[in-house]
Amino acid sequence: VAWLLRERTKPWPRNAPSPGALAVVEDDEAKLGGAALALLAMLRGGRPQGDRLATARKLAAFLLAQQEPNGHFVSKLSYSDGEPDSFESMYYPGEAILALMRLHAVDPDPKWIAAAERGARWLIEVRDAGKETRELEHDHWLLMGLHELDAATGDPRYREHAERIAKAILEGMMTGPYPDWRGGFHAP
């Protein structure tokens, strides 16, 4: 984590909701998922204190800066000019939601959970709206984020959507024809 923070983070002044937001940058790309996973790694060791908590908040500020008012997260931007890339990650938004919920658990600022809820609602009500269960992304990051949102809010939408994703995963698993293929998702 120390290497990641020292070698791959850079200040993100563009549209940041708080001064000093940090982006994880590689090859001039600032990715939502990179900041979310860095934040999750920082939180893995328990409640951060002092400078570590301040850094965690700065990574989360980048996540908030990449969220549109409707809840959609921008997946990737050019660091040098701040222009968004057309790439839409299936996993980065779930990673961001989980990271914000884990930060909220140790730093109960209402903006973290509010952003996680906006992001989850956008995924449920826009991205996944009208999809058959079998068409849902097999997004384990979102599953974990929805679990934490359900526990924190009791909103049944989060549990219901998590159950649909879990069902899509289970229904997508192979059951044959060979024993060593069972439980996989693609025929070799």
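The legends below describe close-up views of a predicted model.

**View 1. Aromatic pairing around Trp 12 and Tyr 79 in the predicted model.**
Four aromatic pairs are found when the whole structure is searched. In one of the pairs, the ring centres of Trp 12 and Tyr 79 lie 5.7 Å apart with their planes at 50°, and the pair is therefore classed as tilted. This pair connects distant parts of the chain, since Trp 12 belongs to the loop between β1 (9-11) and β2 (22-26), while Tyr 79 belongs to the loop between β4 and α4, 67 residues apart. Trp 12 counts as buried because its relative accessibility is 3%, under the 20% cut-off, and Tyr 79 counts as buried at 17%. Ring pairs also bring in Phe 62, so that Trp 12, Phe 62 and Tyr 79 are linked into a cluster. A further contact in this view is given by the C-alpha atoms of Tyr 79 and Lys 10, which are separated by 9.0 Å although the two residues are 69 residues apart along the chain.

**View 2. The ring pair of Phe 87 and Tyr 92.**
The ring centres of Phe 87 and Tyr 92 are 5.9 Å apart, and because their planes stand at 65°, over the 60 degrees required, the pair is edge-to-face. Phe 87 is partly exposed, with a relative accessible area of 35%, whereas Tyr 92 is buried, with a value of 15%.

**View 3. A negative surface patch formed by Asp 27, Asp 28, Asp 81 and Glu 83.**
The four acidic residues Asp 27, Asp 28, Asp 81 and Glu 83 make up a negative patch on the surface. Asp 27 is placed in the loop between β2 and β3 (29-31), and Asp 28 is placed in the loop between β2 and β3 as well. Asp 81, by contrast, is located in the loop between β4 (76-78) and α4 (92-106). Asp 27 is exposed, with a relative accessible area of 69%, while Asp 28 counts as partly exposed at 34% and Asp 81 is partly exposed at 44%. The backbone of the β2 to β3 loop also deserves a look in this view: Asp 27 has a positive phi of about 50° although it is not a glycine, and Asp 28, another residue other than glycine, has a positive phi near 65°.

**View 4. Salt bridges of Lys 76 with Glu 29 and of Arg 57 with Asp 107.**
Side chains of opposite charge can pair when their charged atoms come close. The count for the model comes to twelve salt bridges, and this view shows two of them. Lys 76 forms a salt bridge with Glu 29, with the closest N and O atoms 3.4 Å apart. Lys 76 lies in strand β4 and Glu 29 in strand β3, so this pair ties together parts of the chain that are 47 residues apart in sequence. Lys 76 counts as buried, at 13% relative accessibility, whereas Glu 29 is partly exposed, with a relative accessible area of 26%. In the second bridge, Arg 57 pairs with Asp 107, the closest N and O atoms being 2.9 Å apart. The two partners come from distant parts of the chain, as Arg 57 is in helix α3 (residues 50-65) and Asp 107 is in the loop between α4 and α5 (110-127), 50 residues apart. Arg 57 is partly exposed, with a relative accessible area of 35%, and Asp 107 counts as buried at 10% relative accessibility. Salt bridges with shared partners join Glu 29, Lys 31 and Lys 76 into one network.

**View 5. The salt bridge between Arg 6 and Glu 7.**
Arg 6 and Glu 7 form a salt bridge in which the closest N and O atoms are 3.3 Å apart. Arg 6 is exposed, with a relative accessible area of 55%, and Glu 7 counts as partly exposed, at 41% relative accessibility.

**View 6. A nonpolar surface patch and a cis peptide bond after α7.**
Leu 170, Met 173 and Phe 185 form a nonpolar patch on the surface, and together they have about 270 Å² of accessible area. Met 173 is found in the segment after α7 (156-172) and counts as partly exposed, at 31% relative accessibility. Pro 177 also lies in the segment after α7, and the peptide bond leading to Pro 177 from Gly 176 is cis, with omega near 10°.

Note on methods. Residues are numbered from 1 along each chain as its sequence is written. This is a predicted model: local features need pLDDT of at least 70, side-chain atom pairs count only at pLDDT 80 or more; totals for chains, interfaces and linings use all residues. Side-chain values use heavy atoms; hydrogens and water are left out. Patches are made of residues with over 30% relative accessible area and no salt bridge: like charges are joined within 9 Å, nonpolar side chains (Val, Leu, Ile, Met, Phe, Trp, Tyr) within 5 Å. Accessible areas come from the Shrake-Rupley method with a 1.4 Å probe; for residues, only the protein chains shown count as cover. A salt bridge is a side-chain nitrogen of Lys or Arg within 4 Å of a carboxyl oxygen of Asp or Glu. Lys and Arg count as positive and Asp and Glu as negative; His and the chain ends are not counted. The place of a charge is taken as NZ of Lys, CZ of Arg, CG of Asp or CD of Glu. Helices (H or I, at least four residues) and strands (E, at least two) are DSSP runs, numbered from the N terminus. Buried means under 20% relative accessible area, exposed over 50%, partly exposed in between (1.4 Å probe, protein chains only). Rings of Phe, Tyr and Trp (its six-membered ring) pair if their centres lie within 6.5 Å; planes under 30 degrees apart count as stacked, over 60 as edge-to-face and the rest as tilted.
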